[in-house]
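This report treats metal coordination, the contact between chains, and backbone geometry. The structure is shown first.

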Amino acid sequence: MDFEDEDGYTDAEEEELDSQGGSDVGGHLSEEDENKDCGHNHTALCEADIRNLQEQVITEVSSVLNITKYSATVLLSQYNWDLNKVKDDWFADEEKVRNKVGLMEKPVHNYPPGKKEINCRICFDDFLPRDMVSASCGHMFCKLCWKGYITTSINDGPGCLTMRCPEIKCVAAVGEDMVNTLISNEEIKRKYSRLLLCSYVEVKRNVKWCPAPDCDSAVEFVMGSEMFDVVCNCKYNFCWNCLEETHRPVECDTVVKWMLKNSAESENVTWILANSKPCPKCKRPIQKNAGCMHMTCTPPCKNEFCWLCLGSWASHGEKTGGFYACNRYEAAKQKGLYGEEEKRREMAKSMIEKYTHYYERWQANNKSRTKAVADLHQVETVQINILRDGQGESDAQLKFITEAWEQIIECRRVLKWTYASGFYLPEDEPEKRQFFEFLQGDAESGLERLHECAEKELVRFLDAKEPLEDFKEFKIKLSNLTSVTKKYFENLVRALENDLAQEGITSCKVQGRP
Amino acid sequence: MANSNLPRRIIKETQRLLSEPAPGISASPSEENMRYFNVMILGPSQSPYEGGVFKLELFLPEEYPMAAPKLGRICLDILKDKWSPALQIRTVLLSIQALLSAPNPDDPLSENIAKHWKANETEAVETAKEWTHLYASGE
Ligand SMILES: [Zn+2]
Ligand SMILES: [Zn+2]
Ligand SMILES: [Zn+2]
Ligand SMILES: [Zn+2]
Ligand SMILES: [Zn+2]
Ligand SMILES: [Zn+2]
C-alpha cells in the first residue's frame, strides 16, 4: 500500500500522471453516480406524488364506506390515516364512529320553520338563512364569521385538521369542503392542504420530508435497505436515518453526537466562523474568498500560508512534495508534575483546543463545499461556453472541468465528515489515529491541489482571445489530479468503513513519519 | 381610541352584561378602553371562598371573539384550546364562578393552591377561607 513508503505516495501519483491519458479520465465520485448506484433504496417524491398516494387512501375509504371524499378525509385524519382501523371501527359501529369524528347524518339542530332571519351566535347580527352556512350539525353562522373562524384555526396549525363547529360542545367536523367554499385566500387554503398532507406523511414510516429548507418534496425509503444515502428531487443529498446531510463513511451516531456538540459549543466558537485571519507574517487581516486553503497575502507581503494551520504553504504544497500534516491533531503533552487544579485547567484547555481543531476543519470544508457548488454552477452556465468558443473545444472535450468540480464537491463533503470522526477516534488506539491521519492527510493534500488547480489555473484560459497551446497540458493536469484525488478518497472511505482496521499490515512505517 | 371601531358583538355583549348581570358577577368596561373589563365575582355560598369578592381583569384581544379573552393567571380550558367564538364573556365568568364553588385540583386557579388542595383538603379549605378573609373581604 502507498502509505507504507514515504516516497511511495508521490511515486504512485507520478505513475498515475504517466499512465493516464488526458481525455478518457472519467473517474470521479460525483453525487449523480452515487445516486445511480444506490437508487434502489429510495424513490424521490414530489408533492404531487404524495398527494396521489394520499388520494388513493381517501378514494378507497370513500368507496368502501360509501361516503364523500371530504368525509373520508375527516375520518382518516382523525384515525391517523390508519385505513384498517377506520374500516374495522366503521363496520363495527358506524353510529359511534360518526359521533366521534363529527360526521352527522342529519342535523342535530333545526331552526323553527318559517323563521326569516337567524341570529349569528358569533357576531350577534341577524342574517337570512341563505347567507349562512352550517356543518353537518345544522348550527348556522354567517359566512364572515366562518371565514374568521376557519382562518384563525388554520393559522394556529395542525389542530385545524380536527376543526369542529363553533357551537359550544358541538363536535360536528369542519372539513376541506367547507374550507374550500368559505375561504378565498389561496395562501390559507394552501396551508390547510399542506397540513393535511403533512399529517399523512407523518404517520407513514417509509416517507420523510426532505430536510432542505424551502423544499416541499419527500423521499420514500425501501425499508430494510442497508444504505441510508438518499437524494431528493431538489438534489439535496441526505441520510434517511438521521436526516443530516449525507455523511458516508461516517456513522450516524458520530454525526448526531457531533452536531449536538456543535450546537452546545456554538457560543464558544463563533470566532472560528470568521472569514478573515491575520496573516502570520505581517498580521494584516486576510479575507478567505477562495475555496482552497492556500492563502496568499496581499503585496508587498505575499506570504503564502495555510488557512487552517497558519503554517507556511511550502510545507504542505506540491513544491516540496512534503508530507501534509495540517489535518493532524497534536494533543498537548502533559509532562511533569502538575497540581490537581493545574491538571484540571490543562485538561479543560486541551479539550477546547482539540474540539476547536476539528470544528474549524469541519466548518472550513463545509464552507469550501458550498463555494464549490456555486463555482460548479458558474462553470456549467458561463465558463464552459467561453471555453467552447475561445479554445475551440467541444462540450464533450470540456467535460473534465465539470468532473473535476463534482469531485471537489464530493471530496469536501467526505473530508468534512471525517473531521467529525477524527474528533471521536478513541484516545487509546494511537495506531488507528495515525493510520487515519495519514489517509486523511493524503486525501486532503490531493484535494487542495485539485481545488487550487480548478479554481486558479482555469482563469487564464477564460481571458484568452485565441486557443492556447498549454490548454492541453492543463487538461491533463486537472484530469490527473481528479483521478488521483478520487483514489485517495476511496482509500480513506474504505478505511473508515472498515473501522480503520489495517488488515495484513503488520509493520506500519507511518509511525516513523514526522 | 380603539373604542371607536369596536365590533358590534363587543358592544352588544357589554350592554347585556350591564343590563342583565349574572347573579354574583359584575363586569364593567374601563372608560379609556372598552376592551378592558374590571370583573368582580362573589365567593359562592357554601364554598371555601364564601364572603369574599374576587377581582379580576379581563381583556379582549384584537382577534376576539376568534381568540379567547385574556384573564391573567386563571387556568381554564375554555381560555385555551377549548375556546370557541360562540362562547362569551358571560360564559367565561360563569365558569370561573363554578370553579370557585368546586375547585378542581387538576385544573388549578393557581398552582400553589392546587398543591395544597391535593395534599390536604381540609387544611387547604381553611387556608382559602383565611385568604378570602385577608385579601378579598370587603374592598
Ligand atoms: Zn356572524
Ligand atoms: Zn354544530
Ligand atoms: Zn429536497
Ligand atoms: Zn445519518
Ligand atoms: Zn502578510
Ligand atoms: Zn495547514
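In this predicted model, the site of the zinc ion (ligand 2) is tetrahedral, with angles of 102 to 114° among its four donor atoms. Four donors count as tetrahedral if all angles lie between 85 and 135 degrees. Donors are N, O and S atoms within 2.8 Å of the metal (3.2 Å for Na, K and Ca); water is not among the atoms, so sites may look incomplete.

The model is predicted, so local features need pLDDT of at least 70 and side-chain atom pairs count only at pLDDT 80 or more, while totals for chains, interfaces and linings use all residues. Residues are numbered from 1 along each chain as its sequence is written, chains are lettered from A and ligands numbered from 1 in the order in which they are written, and side-chain values use heavy atoms, with hydrogens and water left out.

**Zinc sites**

| Ion | Donors | Distances | Angles |
|---|---|---|---|
| zinc ion (ligand 2) | C137(A) SG, H139(A) ND1, C165(A) SG, C170(A) SG | 2.0 to 2.3 Å | 102 to 114° |
| zinc ion (ligand 4) | C239(A) SG, C242(A) SG, H247(A) NE2, C252(A) SG | 2.0 to 2.4 Å | 102 to 122° |

The donor residues of the zinc ion (ligand 2) follow the spacing C-x1-H-x25-C-x4-C. Among them, C137(A) and C165(A) link distant parts of the chain, 28 residues apart: C137(A) is in the loop between β4 (132-133) and β5 (141-142) of chain A, and C165(A) in the loop between α7 (143-155) and α8 (176-182). Helices (H or I, at least four residues) and strands (E, at least two) are DSSP runs, numbered from the N terminus.

The site of the zinc ion (ligand 4) is also tetrahedral, and its donor residues are spaced C-x2-C-x4-H-x4-C. C239(A) belongs to strand β9 (residues 237-239) and C252(A) to helix α10 (residues 252-265) of chain A, so this pair ties together parts 13 residues apart in sequence. The loop between β9 and α10 also holds P249(A), which is joined to R248(A) by a cis peptide bond with omega of about 10°.

**Interface of chains A and B**

Twelve residues of chain A are in contact (heavy atoms within 4.5 Å) with twelve residues of chain B. The buried area, meaning the accessible area (1.4 Å probe) lost on putting the two parts together and summed over both, is about 1,000 Å², and carbon and sulfur atoms give 64% of this. I122(A), F124(A) and I168(A) supply 52% of the area that chain A buries against chain B, more than any other three residues.

Two salt bridges are counted between the chains, a salt bridge being a side-chain nitrogen of Lys or Arg within 4 Å of a carboxyl oxygen of Asp or Glu. One salt bridge joins the side chains of R8(B) and D125(A) at 2.7 Å, N to O. Over all chains the count is 35 salt bridges. Within chain A, K69(A) and E55(A) form a salt bridge at 3.0 Å, N to O. K69(A) lies in helix α4 (residues 69-78) and E55(A) in helix α3 (residues 47-65), so the pair ties together parts 14 residues apart in sequence.

**Backbone geometry**

Most residues other than glycine have a negative phi, and most peptide bonds are trans. F124(A), not a glycine, has a positive phi of about 70° and lies in the loop between β2 (118-119) and β3 (126-127) of chain A. In chain B, the peptide bond from Y64(B) to P65(B) is cis, with omega near 5°. P65(B) sits in the loop between β3 (53-59) and α2 (89-101) of chain B.

How values were computed:
Tetrahedral: all angles 85-135°; square planar, octahedral: opposite > 155°, others 65-115°.
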